[in-house]
There are 2 protein chains.
Amino acid sequence: MDFLELSDRIIDSAGSHKQISAAATNRRQAPTDFSIIYSKDLLPASGGEKVTKEFLHELLNILLGYICKSSRRSGKVLDFHHPHQLKEGLEGFSLQLTDKPETLEQILVDCRDTLKYGVNTGHPRFFNQLSSGLDLIGLAGEWLTSTANSNMFTYEVSPVFILMEEVLLKKMQGIVGWSDDEGDGIFCPGGTISNLYSILVARYYFYPEVKTRGMRALPQLAIFTSEHVGLVNLEGSIKCQWKFLSSIQSHYSVKKSAAVLGMGSENVLMVKCDESGKMIPVELESSIVAGLVPFYVNATAGTTVYGAFDPFNDIADICHGHNLWMHVDAAWGGGLLMSDRHRMKLQGIERAWSVTWNPHKMMGVPLQCSVILIKKRGLLQDCNELGAEYLFQRDKPYDVSYDTGDKSIQCGRHVDVFKFWLMWKAKGSEGFGSQVNKCLENAEYLYDQLQRRTGFELVFKNKPEHSNVCFWYIPPTMRGLPPGPDRDTRLHQVAPRIKHRMMEQGSVLIGYQPLGDKVNFFRCVFSNPATQQEDVDFLLDEITRLGNDL
Amino acid sequence: MDFLELSDRIIDSAGSHKQISAAATNRRQAPTDFSIIYSKDLLPASGGEKVTKEFLHELLNILLGYICKSSRRSGKVLDFHHPHQLKEGLEGFSLQLTDKPETLEQILVDCRDTLKYGVNTGHPRFFNQLSSGLDLIGLAGEWLTSTANSNMFTYEVSPVFILMEEVLLKKMQGIVGWSDDEGDGIFCPGGTISNLYSILVARYYFYPEVKTRGMRALPQLAIFTSEHVGLVNLEGSIKCQWKFLSSIQSHYSVKKSAAVLGMGSENVLMVKCDESGKMIPVELESSIVAGLVPFYVNATAGTTVYGAFDPFNDIADICHGHNLWMHVDAAWGGGLLMSDRHRMKLQGIERAWSVTWNPHKMMGVPLQCSVILIKKRGLLQDCNELGAEYLFQRDKPYDVSYDTGDKSIQCGRHVDVFKFWLMWKAKGSEGFGSQVNKCLENAEYLYDQLQRRTGFELVFKNKPEHSNVCFWYIPPTMRGLPPGPDRDTRLHQVAPRIKHRMMEQGSVLIGYQPLGDKVNFFRCVFSNPATQQEDVDFLLDEITRLGNDL
C-alpha cells in the first residue's frame with residue numbers, strides 16, 4: 001500500500017491515529033507521472049482527488065526535506081546570489097511568467113528551487129532579524145489557515161477564527177495587566193500598522209471630529225516617541241512643546257505613521273536616551289515650538305537595536321498628569337511578559353492606553369502575527385466603523401457584534417490568529433515562558449563571552465535587558481589604535497566586510513548598523529529556540545575567522 | 001514501508017518523482033502515539049525529525065480529507081453554530097487557552113474541529129464572497145511560503161520573493177497597458193490598503209510637503225469616488241467642488257482611507273450612478289462647497305454589489321484636462337484583464353495613474369493577495385521612505401535598490417507573491433483567462449435562468465458586466481402585490497429569512513444587502529472555478545424551496 005491509499009484510510013477513520021498501521025497492506029498503485037500532468041488535473045477537476053493527494057504529498061516531502069535540513073547545523077543559512085544572477089535563471093530556475101502552463105513536475109522543481117535560493121530563517125545560526133526560527137505547530141497552523149482560505153471579516157465567514165481572536169485578545173490583555181472590563185484590540189499586518197492604529201485611535205479619542213473633517217479641523221498635534229522623550233522637559237511643557245532633536249533609534253514606525261496619518265513626520269518629537277538606549281527622565285534637551293499640542297507618547301518595550309525598555313511608570317505618571325495617551329510599543333519586548341523571570345522589565349505597561357505586541361517576534365509565531373491592544377473598549381469600532389450595510393448587514397440571525405470587520409482599517413484581513421492559538425494550546429503559557437527564558441540565556445552567554453574573548457568590544461556595558469547584544473569586532477591590526485576619527489573610519493568598514501564574507505560563505509547571518517555617533521556594529525538577537533550555546537560560540541569563531549585579516 | 005520511510009527516500013532522491021515506487025519496500029515502523037507526545041518533542045528538539053514528519057503527515061491527512069470533502073457537492077458548505085454555542089465548547093472543542101501544554105493528539109483533534117466548525121469557502125456552492133474556491137497550486141504556494149517563514153523586507157532576507165514581486169508587478173503593469181518604462185507598485189494586505197496607498201501617493205505627488213508637515217499645511221482637498229461622480233459637474237467645477245450626495249454603493253475603502261489619512265470622510269464626494277451601478281457622465285446633481293480642492297478621482301472596475309465598470313476613457317479625459325489623479329479600483333474587476341473576451345470592459349484603465357488589483361478575488365489566489373500599481377516610477381519610494389539606516393544599510397554587497405521595504409507603509413510584509421507566482425507558472429496567463437471566462441459564463445447562465453423561472457426578479461435588467469448577479473426572490477404569496485411600501489417592507493425580510501434557513505441547513509451560501517432605495521436582495525458572485533451550472537440550478541431550487549412558504 002502506498003501512502004496515498006493509506007491516507008484515504010486515515011481520512012475515513014474519523015480521528016484515530018492508531019489505525020495507521022492497522023490499515024496498511026501491501027497493495028500498490030502506479031505512481032503519478034507529474035511530467036504529463038497540469039494544474040487543471042487537480043481538484044476541482046472531476047476525478048482529481050488522486051492526483052491532488054499525490055501532488056500535495058510530494059510537496060510535503062519537499063517541505064519536510066527543507067525543514068529537516070534547516071534544523072541541521074551542517075546546512076547553510078543561505079546560498080547567496082546577486083539579483084542579476086537569479087534573474088538570469090540559475091540552473092534553469094526561471095522567474096519569468098508565460099502564457100502557457102507548466103507541468104506539475106516543473107512546479108515541484110520550482111518549489112525546490114525557491115527554497116534552495118532563499119534564506120533559511122529557521123536555521124539555528126540565523127541571527128539577522130527579530131523574527132527567526134520555525135515553530136512546527138505554528139507552521140501546521142498556517143497550513144490549516146491557508147487550507148481554510150477565509151478571512152477575518154464577519155462571523156458568518158469565519159466563526160471559529162473570530163472567536164479565537166477574541167480569546168487571544170482577552171488573554172493578552174490579562175497578561176498586560178488590564179482588568180476584565182477593560183480591553184479591546186485587533187490583529188493586524190505587522191507592528192508598524194499596530195503602532196499606526198494606536199496613533200489613529202488616540203487622535204480620535206481626543207478629537208473625534210477628525211474622522212469626518214480631517215486634520216485641518218484640529219490644532220497642530222505633537223507626538224513624542226518614548227526613547228528620546230526627555231521626561232523633565234515633557235513635564236515642564238504642558239502647554240507648549242518640542243522640536244525635533246534626534247531620531248537615531250526610535251522605531252521608524254512612529255514617523256511613518258505620522259506621515260501616513262496626515263500629521264507630518266516633523267511633528268514627531270524625540271529626545272536623547274542613555275548609553276543603553278533607555279530613556280533618561282532627567283536627561284533632556286529641547287526647544288519649544290509654538291503652536292504644537294502634545295497628545296500622545298510612544299514608550300518602547302524592547303528597542304529594535306539595543307533592546308531597551310523605557311521606565312513605564314515614570315512615563316505613565318507624566319501622561320496621567322497631562323492627559324496624554326500613553327502607548328507602549330512592545331512589538332519586540334511583549335514576549336517577555338510570558339516569562340516570570342523577565343516580566344518585571346515591563347512594569348507599568350498596564351498603565352498604557354494601548355500596546356503593540358508582535359507574537360511573530362519573541363514568541364516565535366510564524367510571520368505575520370501582530371496585535372494592537374486598546375484599553376478603552378469600543379473606541380476602535382467608533383474610530384473606524386463606517387457601517388456600510390452592503391458589507392455588514394444588521395438583520396442577521398446571530399449576534400452581529402461578532403462581525404468585527406468594521407473595527408479594522410482594512411476590509412478583509414488575513415487570518416493570523418489560528419497559528420498563534422494552536423501554539424498556545426500546544427505549549428501552554430508556560431511553554432512560551434521557557435522559550436523566552438532560553439533566548440535571554442543565550443544573550444547572557446554571548447554577553448559573557450564577548451567580555452572574555454580578545455578582539456570584541458561591547459557597544460554598551462550594561463547587561464542586555466532583552467536578547468539584543470551589540471558589539472564590535474576589532475581585527476588584530478586595529479587593536480592598538482587610539483580612539484578617534486581614523487579608528488572609527490576603519491572600524492566602520494569592519495562589520496560590513498565581515499557580513500559580506502558571511503553571506504558568501506552562508507555559514508551564519510547577523511545584522512549590523514551604525515547608530516548615532518557609533519560606527520557600524522553587530523547586533524545579535526535571539527528569538528529562535530533552536531539556537532544553542534554552541535551556535536553562539538560558532539558565531540564568535542566565525543566572525544574572528546572572517547575578520548582576522550581586515 | 002510506511003509513508004514516513006518513503007518520504008525519507010524521496011527527500012534524498014534529489015528530485016526524481018519516479019523513484020517513489022522504486023523506493024517502496026515492505027519494511028514497517030511502529031506508528032507514533034501522539035497522545036504522549038508534545039510540541040517540545042518536535043524539531044528543533046534533538047532526534048525530533050521522525051516525530052516531526054509523522055506529525056506533519058498526519059496533519060496533511062486531515063487537510064486532504066477537508067480538501068476532498070470540500071470539493072464534493074454532497075458535503076455541507078457550513079455547519080452553523082451561534083457564538084455562545086462555540087464558546088461553550090461543542091463536543092469538547094474548547095477555545096480556551098491554558099498554562100499547561102496539550103498533547104499532539106489534542107492538537108490534531110483541534111485542527112479537525114477548527115475545520116469542522118468553519119465555513120467551507122472552497123465548496124462549489126459557496127457564493128457568499130468575492131473570494132472563493134481553493135486553488136491547489138495557490139495552496140501549495142502558501143504552504144511553502146509559511147515554511148520559508150520570511151518577509152518582504154530586504155533582498156538580504158527574501159531574495160527570491162523580492163524578485164518574484166518585481167516580475168509579477170511588471171507583468172501586471174504590462175497587462176494594464178503601461179509601457180516598459182512606466183510602472184511601480186507593491187503587494188499589500190488587501191484592497192482597502194491598496195486604495196489607501198493610491199490616495200497617499202496622489203496626495204504626496206501634488207503636495208510633497210504633506211509628508212513632513214501634515215494636512216494642516218495643505219488646502220482642503222476633495223476626493224471623488226468614481227461611481228457617484230457626476231462627470232459633467234466635475235467637468236464644470238474645475239476650481240470648486242461638490243458636496244456629499246449619496247454613498248450607497250462605492251466601496252467604503254475610499255472613505256475609510258480618507259478618515260485614516262487625516263483628510264476627513266466628509267471630503268469624499270460621491271454622485272449617483274445609473275440603474276446598473278455604472279457612472280453616468282451626463283447624469284449629475286451636485287452643489288458646490290467652497291474651499292475644496294479636487295485632486296483625486298477613484299473610478300471602479302467591478303463594483304462590489306453590481307459588478308459595474310465605469311467609463312474609464314471619459315473619466316481619464318476629465319482627469320487629464322484638470323490635472324487630477326485618476327485611480328482605478330480594479331480589486332474585483334482587474335481579473336477580467338486576463339480574458340481576451342472581457343478585457344475591453346476595462347478600456348481606458350491604461351490611462352489611470354494608479355490601479356488596485358486583488359488577485360485573491362477573481363483570479364482565485366488564496367487570501368491575501370492584493371496589489372497597488374503606480375504609473376510613475378519612484379513616487380512610492382519617495383512618498384514612504386524614511387531611510388532608517390538601522391533597517392536599510394546602504395553599504396551592503398549587493399544592489400540595495402532591491403531592499404524595497406521602505407516603499408511600504410508597513411515594516412515587514414507578509415510574503416503574498418509566491419502563491420500567485422506559482423499559480424501563474426502552473427496555469428499560464430491563458431489559464432487565468434479561461435478561469436475568468438468560466439465564472440462569467442456561470443453568471444450569464446444565472447442571469448438567463450432568473451428570467452425564465454417564476455418568482456425571481458432582476459435588480460437591474462442589463463446583462464451583468466462582471467460575475468455579479470443581483471435579484472429578488474418573490475414568494476408565491478407576494479406575487480400579486482402591487483409595488484409600494486407594503487410590498488417593499490415584506491420583500492425586505494425575504495432574503496434574510498431565506499439566508500437564515502440556508503445557514504441552518506448549510507447547503508449553500510449567498511449574500512444579500514439593501515442598496516439605496518432597493519430593499520434586501522441577493523447578490524450572487526462567481527469566482528470559484530469549481531462551480532458548475534448544476535450548482536446554479538441548485539441555488540435557485542434551494543432558494544425556492546426555502547422561501548416558498550414566506
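This text walks through a predicted model with two chains, A and B.

Start where the chains meet. In the model, 178 residues of chain A are in contact with 178 residues of chain B. Together the two chains bury about 16100 Å². Of that area, 64% lies on carbon and sulfur atoms. Charged and polar groups also take part. The count between chain A and chain B is 10 salt bridges. Helix H3 of chain A, residues 49-70, gives the most to the side of chain A that touches chain B, with 16 residues. Polar contacts join 78 residue pairs across this interface.

Now look at single pairs. Side chains of opposite charge can pair when their charged atoms come close. One such pair across the interface is B:Lys256 with A:Asp406, a salt bridge of 2.8 Å from N to O. Another salt bridge links B:Lys499 and A:Glu156, with the closest N and O atoms 2.3 Å apart. This pair also crosses between chains. B:Lys499 sits in helix H15 (residues 485-505) of chain B. A:Glu156 lies in the loop between helix H6 (136-148) and helix H7 (159-176) of chain A. Both B:Lys499 and A:Glu156 are buried.

Other salt bridges stay inside one chain. Over all chains, the count comes to 54 salt bridges. Take A:Lys50 and A:Glu54, whose side chains meet at 3.6 Å, N to O. How far along helix H3 of chain A are A:Lys50 and A:Glu54 separated? They are 4 residues apart in that helix, so about one helical turn separates them. The two ends of this pair have their own surroundings. A:Lys50 is partly exposed, at 36% relative accessibility. A:Glu54 is buried, at 5%.

Chain B has a pair at these positions too. The side chains of B:Lys50 and B:Glu54 form a salt bridge of 3.6 Å, N to O. They are 4 residues apart in helix H3 of chain B, so about one helical turn lies between them. B:Lys50 is partly exposed, with a relative accessible area of 37%. B:Glu54 is buried, with a value of 5%. Salt bridges can also link up through shared partners, as they do for A:Arg73, A:Arg125, A:Glu534 and A:Asp535, which form one network.

Next, follow a strand. Strand E13 of chain B covers residues 509-515, and 7 of its 7 residues are buried. In a regular strand the side chains alternate between the two faces of the sheet. Here, B:Leu509, B:Gly511, B:Gln513 and B:Leu515 point one way. B:Ile510, B:Tyr512 and B:Pro514 point the other way.

Which strands pair with E13(B)? Strand E1 of chain B, residues 126-127, pairs with E13(B) in the parallel sense over 2 bridges. B:Phe127 stands opposite B:Ile510 there. Strand E14 of chain B, residues 518-524, runs antiparallel to E13(B), and 4 bridges join the two. B:Leu515 has B:Lys518 in E14(B) as its bridge partner. E13(B) and E14(B) form a hairpin with 2 residues between them. In the turn, B:Gly516 has a positive phi of about 60 degrees.

A positive phi also turns up outside glycine. A:Asn323 has a phi near 55 degrees. Its place is the loop between helix H12 (312-322) and strand E8 (325-329) of chain A. A:Asn323 is partly exposed, at 45% relative accessibility. B:Asn323 likewise has a positive phi, of about 55 degrees.

Loops hold other details. UniProt, in an unreviewed entry, lists A:Lys361 as "modified residue: N6-(pyridoxal phosphate)lysine". A:Lys361 lies in the loop between strand E9 (354-357) and strand E10 (370-374) of chain A. Is A:Lys361 buried or exposed? Its relative accessible area is 15%, under the 20% limit, so A:Lys361 counts as buried. Beyond its close sequence neighbours, A:Lys361 touches A:Leu130, A:Ser131, A:Ala331, A:Trp332 and A:Ser527.

The loop between E9 and E10 of chain A also holds A:Gln368. A cis peptide bond joins A:Leu367 and A:Gln368, with omega about -10 degrees. In chain B, the bond from B:Leu43 to B:Pro44 is cis, with omega near 10 degrees.

Finish at B:His342, in the loop between strands E8 and E9 of chain B. B:His342 is buried, with a relative accessible area of 5%. Its contacts include B:Asn437, B:Leu440 and B:Glu444. B:His342 and B:Leu440 are 98 residues apart in sequence, but 9.0 Å apart in space, C-alpha to C-alpha.

Methods:
Residues are numbered from 1 along each chain as its sequence is written. Chains are lettered from A and ligands numbered from 1 in the order in which they are written. This is a predicted model: local features need pLDDT of at least 70, side-chain atom pairs count only at pLDDT 80 or more; totals for chains, interfaces and linings use all residues. Side-chain values use heavy atoms; hydrogens and water are left out. UniProt positions are given in the numbering used here, feature names are shortened, and annotations may be inferred rather than shown by experiment. Buried means under 20% relative accessible area, exposed over 50%, partly exposed in between (1.4 Å probe, protein chains only). Contact means heavy atoms within 4.5 Å. Two strands pair if DSSP finds at least two bridges between them. Buried area is the accessible area (1.4 Å probe) that two parts lose on being put together, summed over both. A salt bridge is a side-chain nitrogen of Lys or Arg within 4 Å of a carboxyl oxygen of Asp or Glu. A polar contact is a pair of N or O atoms within 3.5 Å; within protein, one must be able to donate a hydrogen and the other to accept it, and residues adjacent in sequence count only if both atoms are side-chain atoms. Lists of a residue's contacts leave out its neighbours within four places in sequence.
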